[in-house]
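Biologist: I'd like a close look at one part of this model, the ligand site. Please walk me through it.

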Amino acid sequence: MKLRESGMPDEVFWETLLDVKLILDRLGIDDTLRDVVELGCGYGTFTLPVARRIGGTLTTLDIEPDMAARTTRRARDAGLSNVVCMVADVGADGFGVAPESQDGCLLFNILHCEEPVRLLAEGARTVRPGGSVFVIHWRFDATTPRGPSMAIRPKPENILEWAEQMGLLTNSSGVLDLPPWHYGIRFTRT
Ligand SMILES: C[S@@+](CC[C@H](N)C(=O)[O-])C[C@H]1O[C@@H](n2cnc3c(N)ncnc32)[C@H](O)[C@@H]1O
């Protein structure tokens with residue numbers, strides 16, 4: 001089932017809303033990471049830049065065939081051989097990687113879903129102990145030009161509470177400001 005309010009606007013507009021380099025720099029996504037899994041590739045906005053930075057494979061999935069096709073095409077056109085892109089429903093199929101097989105898991109613009117604690121826990125379980133779960137989300141501010149409705153939009157403190165409640169993750173970054181519109185948190189798998 002498609003996660004609530006997870007549809008995408010036009011690609012060009014979407015990509016004006018995110019400073020991808022700043023976001024990846026501040027989260028510390030670099031070649032110290034080998035394999036990384038991403039939930040919801042969308043247009044591949046983060047998939048390609050992350051794949052260029054890491055030392056291993058970027059596995060990504062999306063429930064929308066058009067999104068997976070767009071990301072696959074962009075990766076191929078960019079000559080990236082370390083992107084594996086699947087059409088899959090995370091609820092029914094999981095993340096498509098073995099437990100504790102990844103150095104990192106990306107949960108970008110998705111934790112406004114119906115069961116965020118469960119999704120965070122499932123993402124955490126893909127990562128080896130000492131690996132990282134990276135979260136970004138829209139600021140809790142009704143004036144952002146895009147983002148889920150305020151009724152379901154998580155505040156940073158909600159995400160920190162969920163992680164603490166779940167017990168698999170410790171916060172290793174504090175809450176990062178990711179201007180113009182986002183915040184981010186890097187967790188370490190215990
Ligand atoms: C808001 S977009 C974010 C895309 C990307 N992470 C980014 O930040 O640019 C969320 C993506 O998750 C996908 N999605 C929604 N429900 C899903 C599910 N159950 N399984 C896999 N992907 C899903 C949507 O199709 C969409 O492409």
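Biologist: How many residues surround the ligand, and which are the closest?

Modeller: The model is predicted, so local features need pLDDT of at least 70 and side-chain atom pairs pLDDT 80 or more, while totals for chains, interfaces and linings use all residues. Residues are numbered from 1 along each chain as its sequence is written, and side-chain values use heavy atoms, with hydrogens and water left out.

The ligand has 22 residues around it. A residue counts when one of its heavy atoms lies within 4 Å. Met1, Leu3, Gly40, Asp62 and Asn109 are the closest. By class, this shell holds 13 nonpolar, 5 polar and 4 charged residues. Here Ala, Val, Leu, Ile, Met, Phe, Trp, Tyr, Cys and Pro are nonpolar; Asp, Glu, Lys and Arg are charged; the others, Gly among them, are polar.

Now the polar contacts, meaning pairs of N or O atoms within 3.5 Å. Asn109 uses a polar side-chain atom, 2.8 Å from a ligand oxygen. Met1 has a backbone N or O atom 2.9 Å from a ligand nitrogen. Ile63 also works through its backbone: a polar atom there is 3.1 Å from a ligand nitrogen. Alone, the ligand exposes 600 Å², and the protein buries 98% of that. These areas come from the Shrake-Rupley method with a 1.4 Å probe.

Where does the ligand sit? It takes up the space of the largest pocket; the test is that more than half of its atoms lie within 2 Å of the pocket's grid points. A pocket is an open set of points on a 1 Å grid over the protein atoms alone, where a 1.4 Å probe fits, with protein on both sides within 12 Å along at least five of seven lines; lining residues have an atom within 4 Å of a point. The largest pocket holds about 520 Å³, counted as the space filled by probe spheres on points joined across faces, edges and corners. It is lined by 33 residues; Ser6, Met8, Gly40, Asn109 and Ile110 are the closest to its centre. The lining divides into 18 nonpolar, 8 polar and 7 charged residues. Strands E1 (36–39), E2 (58–62) and E4 (102–108) each supply at least two of them. Strands are DSSP runs of E, at least two residues; helices are runs of H or I, at least four; both are numbered from the N terminus.

Met1 and Leu3 also line the second largest pocket, alongside others including Asp89, Cys113 and Arg118. That pocket has about 190 Å³ of space. Helix H5 (90–93) and helix H6 (116–125) each give its lining at least two residues. By class, this lining has 6 nonpolar, 1 polar and 5 charged residues.

Conventions
A polar contact is a pair of N or O atoms within 3.5 Å; within protein, one must be able to donate a hydrogen and the other to accept it, and residues adjacent in sequence count only if both atoms are side-chain atoms.
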